[in-house]
Every structure is written in structure tokens, then in C-alpha cells.
Amino acid sequence: MGNTHFAAIDLTLHVNGCTRRLRLDSRVTLLDALREDLGLTGTKKGCDQGACGACTVLLDRKRVLSCLVLAAQCDSRDVTTIEGLARGQELHPVQQAFIRHDAFQCGYCTPGQIMSAVALLQEGRAGSDDEIREFMSGNLCRCGAYPNIVAAIREAAGREGG
């Protein structure tokens, strides 16, 4: 049995407003390309099976689990990671709300939670706390900061109370 060689591909990613050209093995996931090839380590590798949401990023403004997407599928598409949310020193409103509501403890799931929350708000799915919980259910938090996460999203949506 000899070595099996896989095709290297050339692709262009538009990541956080910057064009990045890469040459990668065709099997590389978007998650690994972001972390290992582009040095964007804010996107976390949790389960590597699409079950925890730690790797959530926006692909063409829609949330995806980057561990389940091949980088090759993202050629010439827009990718937004946690590093791309802030505008200079000004944090995104969801990031600000997460800080105000202490919506994280260990912080490992926080980037994925925030990216999912940004998409949820863009999708108009923060009408009630139940709706927030339903559309955030793919993002797991081992520390159990869920009430604070919901409160932060509620605030970012401009809603009061529970």
C-alpha cells in the first residue's frame, strides 16, 4: 500500500473583510483553515462533529458549523469570525451585551455563542426568550451560563425583561 495523495486546491476566502488566498488539501475544513492556516484562533474546535456550536462562524451572513464545512466549499465566499465583529476598538453590540450580562464563564463557547446570536438577530429570531433558546440550542455551554446568554441576546434585540 503506497501513500495516498489528495489534491491540493487553490482558493480565495474573503475573511473579515480581507481577501486571503490559500493552497490547501481538499479535505481541510473551514475550521482548520481559519485556525491553522489563517491564525484566527477565536473560532474554537469543540467536538469536531457539529454537535456543540463552538466553531460557529458566518458564511455569507448565515451561521454555519465550520467543522462540518470544507474550506473548498467556501471559495470566493464571505466568512465572518469572532475577530471580524468589532469595528476597530468598538465591540459589536452582541459582544457588549455578553460582557454586561456576564454571559460567559470559562469563555470557550463564547465566540460560537456570539456568532450564533448575531445571526439569530439578523434572522429576526429573538421575539421571545423561548425563541432565543430554541435558535441557540445548537450552541452548548458546559458552564451553564444560559440565562445570562439569553439576557444578553434579549438586550441586543432591544427587548426588556423575560
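**Warm-up.** Which residue takes a positive phi in the hairpin of strand 3 and strand 4? Let's work up to that one, after a quick word on the model.

This is a predicted model, in which local features need pLDDT of at least 70 and side-chain atom pairs count only at pLDDT 80 or more, while totals for chains, interfaces and linings use all residues. Residues are numbered from 1 along each chain as its sequence is written, and side-chain values use heavy atoms, with hydrogens and water left out.

Solution, step by step:

1. Find the hairpin: strand 3 and strand 4 have 2 residues between them. (Strands are DSSP runs of E with at least two residues, helices are runs of H or I with at least four, and both are numbered from the N terminus.)
2. Look in the loop between these strands, where you'll meet D60.
3. Check the angle: phi of D60 is near 50 degrees, a positive value in a residue other than glycine. So the residue we wanted is D60.
4. Add its surroundings: D60 counts as partly exposed because its relative accessibility is 32%. (Buried means under 20% relative accessible area, exposed over 50%, and partly exposed in between, with a 1.4 Å probe and protein chains only.)

**Exercise 1.** Work out how the strands are put together in the sheet, and find its edges.

Solution, step by step:

1. Start with the pair from the warm-up: strand 3 (residues 56–59) runs antiparallel to strand 4 (residues 62–65), with 4 bridges. (Two strands pair if DSSP finds at least two bridges between them.) Across this pair, L58 stands opposite R63.
2. Now go to the other partner: strand 3 also pairs with strand 5, again in the antiparallel sense, over 2 bridges. Here L59 faces V79 of strand 5.
3. Write down the whole order: 5 strands make an open sheet, 2-1-5-3-4, with mixed pairing.
4. Read off the edges: strand 2 (18–25) and strand 4 each have a single partner strand, so one side of each is left without a neighbour in the sheet.
5. Finish with the twist, which averages 40 degrees from one strand to the next. (Axes are lines fitted to C-alpha atoms, for helices over the stretch in contact, and angles run from 0 to 180 degrees between N-to-C directions.)

**Exercise 2.** Sort the side chains of strand 3 by the way they point.

Solution, step by step:

1. Recall the rule: in a regular strand the side chains alternate between the two faces of the sheet.
2. Apply it here: T56 and L58 point one way, and V57 and L59 the other way.
3. Check the burial: all of these residues are buried.

**Exercise 3.** Describe the largest pocket and say what lines it.

Solution, step by step:

1. Take the volume: the largest pocket holds about 240 Å³ of space. (On a 1 Å grid over the protein atoms alone, a pocket is an open set of points with protein on both sides within 12 Å along at least five of seven lines, and lining residues have an atom within 4 Å of a point.)
2. Pick out the lining: there are 14 residues, and L58, T80, G84, L85 and R87 are the closest to the centre. You've met L58 already, in strand 3.
3. Ask which elements give two or more residues: these are strand 5 (78–80) and helix 3 (110–122). Strand 5 has the largest share, 3 residues.
4. Sort by class: 4 are nonpolar, 7 polar and 3 charged. (Ala, Val, Leu, Ile, Met, Phe, Trp, Tyr, Cys and Pro count as nonpolar, Asp, Glu, Lys and Arg as charged, and the others, Gly among them, as polar.)

**Exercise 4.** Follow Q113 from its helix to its contact and its pocket.

Solution, step by step:

1. Place it: Q113 is in helix 3.
2. Check the burial: Q113 counts as buried because its relative accessibility is 1%.
3. Find the contact: the Q113 side chain reaches the backbone oxygen of N139 at 3.3 Å.
4. Look at the pocket: Q113 and N139 are among the residues that line the second largest pocket, which has about 160 Å³ of space.

**Exercise 5.** Compare the setting of D129 with that of D102.

Solution, step by step:

1. Start with D129, which sits in helix 4 (residues 129–135) and counts as buried at 10% relative accessibility.
2. Move on to D102, in the loop between helix 2 (93–100) and helix 3. D102 counts as partly exposed at 46% relative accessibility.
3. Note the backbone too: D102 has a positive phi of about 50 degrees, although it is not a glycine.

Conventions: 1 Å grid on protein atoms, 1.4 Å probe; cavity = no way out; pocket = protein on both sides within 12 Å on 5 of 7 lines; lining within 4 Å. Points joined across faces, edges and corners; volume = space filled by probe spheres on them. Polar contact = N/O pair within 3.5 Å; in protein donor to acceptor, adjacent residues only side chain to side chain.
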